[in-house]
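Here is a short set of exercises to work through with the model open beside you. Try each task before reading the solution under it.

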Amino acid sequence: MKFLITGLGNPGAEYRNTRHNIGFMALDRLAEKHGLSFVPDRLGDTCLLKHKGKQLLLLKPSTYMNLSGKAVRYHLQKLGIEQSALLVITDDLALPFGKIRIRAKGSGGGHNGLGNIQEVLGNENYARMRFGVGSEFSKGSQVDYVLNDFPPEEKAALPALLDKMGEAVMAFSTIGLERTMNIYNG
């Protein structure tokens with residue numbers, strides 16, 4: 001069975017370690033753990049992770065966050081992957097730092113990347129893993145907040161949290177969405 005695991009973020013060194021790029025960071029960590037490297041592909045960088053008879057295409061769209069849907073649709077169609085085998089990883093301001101929430105479907109919740117995927121796919125029926133980046137910003141500075149690096153104390157906690165996200169990705173592909181939600185949403 002094939003899966004498309006999409007980490008949302010923005011390409012470019014200036015965005016590399018920002019809160020908004022947690023999706024890219026999670027996939028980079030997962031690929032590194034399995035000795036894989038991303039290669040440039042159409043509309044993003046990809047690598048193929050094989051695990052227990054499953055094929056997981058890891059995708060970091062190069063379309064920038066607000067146009068992520070184009071890359072997701074292209075790779076779903078190119079590989080003939082069902083939408084039920086799509087998992088999108090993104091940041092979430094509504095969750096405290098480090099909290100992971102996995103859902104089977106739902107609105108974009110004001111997140112431009114999720115909103116664009118929903119618009120391009122024509123529905124909101126795809127799994128998403130949201131990673132809490134907190135909301136420690138003053139009114140009107142949300143964009144600056146998500147496009148800034150994590151502070152030192154959060155940066156120190158990231159490796160273990162990224163590993164947990166990687167474990168959740170692997171669970172999604174092996175034990176299914178419902179059981180993965182039961183384990184990782186707690």
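A word before starting: this is a predicted model.

**Exercise 1. Place T63 and decide whether it is buried or exposed.**

Solution. Begin with the chain position: T63 sits in the loop between β4 (54–61) and α2 (68–79). Next, take its relative accessible area, which is 13%. The cut-off for buried is under 20%, so T63 counts as buried. Then follow its side chain, which reaches the backbone oxygen of L67 at 3.1 Å. Finally, look for partners beyond four places in sequence: T63 touches L43, S68 and A71.

**Exercise 2. Find which residues P11 contacts, leaving aside its neighbours within four places in sequence.**

Solution. P11 belongs to the loop between β1 (2–7) and α1 (22–33). Its contacts are F24, P61, S62 and Y64. Take S62 from that list and check the backbone: the C-alpha atoms of P11 and S62 are separated by 5.7 Å, although the two residues are 51 residues apart along the chain. As a last step, consider accessibility. P11 has a relative accessible area of 21%, which makes it partly exposed.

**Exercise 3. Examine the backbone of L43 and Y64, and say what the sign of phi is in each.**

Solution. Start with L43, in the loop between β2 (39–41) and β3. Its phi is near 65 degrees, a positive value in a residue other than glycine. Now turn to Y64, in the loop between β4 and α2. Y64 is not a glycine either, and its phi is positive at about 70 degrees. Add the surroundings: L43 is buried, with a relative accessible area of 19%, whereas Y64 is partly exposed at 42%. For a glycine example, go to G35, just after α1, where phi is positive at about 70 degrees.

**Exercise 4. Describe α1: its span, its buried residues and what covers them.**

Solution. First compare the span with expectation. The 12 residues of α1 reach 16 Å from first C-alpha to last, close to the 16 Å expected at 1.5 Å a residue. Second, list the buried positions, which are I22, G23, F24, M25, A26, L27, L30 and A31. Third, ask what lies over them: the cover includes β1, β3 (44–51), β4, β5 (86–92), β7 and α5.

**Exercise 5. Work out which face of β6 is covered and how this strand pairs with β7.**

Solution. Strand β6 runs over residues 100–103, with I100 and I102 on the covered face. R101 and R103 make up the uncovered face. For the pairing, β6 joins β7 (residues 127–132) in the antiparallel sense over 4 bridges. To pick out one position, look across from I100, where F131 of β7 stands opposite.

**Exercise 6. In the largest nonpolar core, identify which residues touch the most other members.**

Solution. The core has 54 residues, and those touching the most other members are I5, L58, M129 and M165. The largest share of this core, 9 residues, is supplied by helix α5 (residues 152–174). Now zoom in on L58. Apart from neighbours within four places in sequence, L58 contacts I5, L27, L30, A31, F38, D45, T46, C47 and L49. To link back to Exercise 4, notice that L27, L30 and A31 are among the buried residues of α1.

How values were computed. Residues are numbered from 1 along each chain as its sequence is written. This is a predicted model: local features need pLDDT of at least 70, side-chain atom pairs count only at pLDDT 80 or more; totals for chains, interfaces and linings use all residues. Side-chain values use heavy atoms; hydrogens and water are left out. Helices (H or I, at least four residues) and strands (E, at least two) are DSSP runs, numbered from the N terminus. Buried means under 20% relative accessible area, exposed over 50%, partly exposed in between (1.4 Å probe, protein chains only). A polar contact is a pair of N or O atoms within 3.5 Å; within protein, one must be able to donate a hydrogen and the other to accept it, and residues adjacent in sequence count only if both atoms are side-chain atoms. Contact means heavy atoms within 4.5 Å. Two strands pair if DSSP finds at least two bridges between them. A nonpolar core is a set of buried Ala, Val, Leu, Ile, Met, Phe, Trp, Tyr and Cys residues joined through side-chain atoms within 4.5 Å. The expected span of a helix is 1.5 Å times one less than its number of residues.
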